[in-house]
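Here's a quick tour of a pocket and what sits inside it. Take a look at the structure first, then read on.

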Amino acid sequence: MKTTLPGPAHPDGAHDPVARLIALREAIARRARDCGRAPESVRLVAVSKTFSADEVWPTIAVAGQTRFGENRVQEAIPKWRDLRARAAALGKTIELHLIGPLQSNKAREAIDTFDVIETVDREKIAATLAREIERAGKRPRLFVEVNTGGEPQKAGVLPEDADAFIALCRDTHGLTIEGLMAIPPADEPVSPHFALLGVIAKRNHIDELSMGMSADWPLAVQLGATYVRVGSAIFGSRG
Ligand SMILES: *Cc1c(COP(=O)(O)O)cnc(C)c1O
């Protein structure tokens, strides 16, 4: 477990993940209303990657957060076996999102561990997920990741290939694609990327948009995000 030094004394508890999470939830609801949206139409995925089960636990037990995101299958398995069991003892059901790249040899474990897989982005993964879902009889919700910036080092289907890939997932592999996910380039204004994701979703009749992180979630809410993925603004910086 990571040892955390106590932060500087802060009268409103702003250095505490529970306090930050509660304030963030209120800010998201306020932002949604300001954009003419229903607050409950924007859901918060608390990104807990790199933080230990004990560090995450108060956000579940005290703040009542049940929706989390992890980017590594192997990190998530033991951590969330533990946290799901602890949450279940309080009558809470966890909804865990995979937001990092998925290798096809981890597909079976991913299906067992995650409720939502946000990073479907190539045929091999689509085919493997289809086969393993059949075998497992458990059906995680699936989002397609779009590389809106066309960055060569980044995962995700290219925008110009998105329609064909979504059709392939649906028609060839029988997968239900409920959402799109994007991580815009770090060095560009994010709004055009969020808007593009919305356009691709709309023409493919996809309802869920996973976009917006600690630095840019207000813009994402304005541009139609139904899930925002926020880590450091809740848990602090990741070493
Ligand atoms: C780490 C991560 C986040 C959260 O980023 P923060 O800047 O810490 O809010 C969101 N989405 C993905 C895909 C991530 O890997």
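## The pocket

The largest pocket holds about 530 Å³ of space. A pocket here is an open set of points on a 1 Å grid over the protein atoms alone, where a 1.4 Å probe fits and protein lies on both sides within 12 Å along at least five of seven lines. Its lining takes in 25 residues, and the closest to the centre are Lys49, Ile183, Met213, Arg229 and Arg238; lining residues have an atom within 4 Å of a point.

This is a predicted model, with local features needing pLDDT of at least 70 and side-chain atom pairs pLDDT 80 or more, while totals for chains, interfaces and linings use all residues. Residues are numbered from 1 along each chain, and side-chain values use heavy atoms, leaving out hydrogens and water.

## The ligand

So what sits in the largest pocket? That's the ligand, counted as inside if more than half of its atoms lie within 2 Å of the pocket's grid points. Among the residues around the ligand (a heavy atom within 4 Å) are Val47, Ile99, Met181 and Gly231.

## Polar contacts

Three residues bring N or O atoms within 3.5 Å of the ligand's oxygens, the cut-off for a polar contact. Lysine 49 has a polar side-chain atom 2.7 Å from a ligand oxygen, and serine 214 has one at 2.5 Å. Serine 232 uses a backbone N or O atom instead, at 2.8 Å.

Notes
Points joined across faces, edges and corners; volume = space filled by probe spheres on them. Polar contact = N/O pair within 3.5 Å; in protein donor to acceptor, adjacent residues only side chain to side chain.
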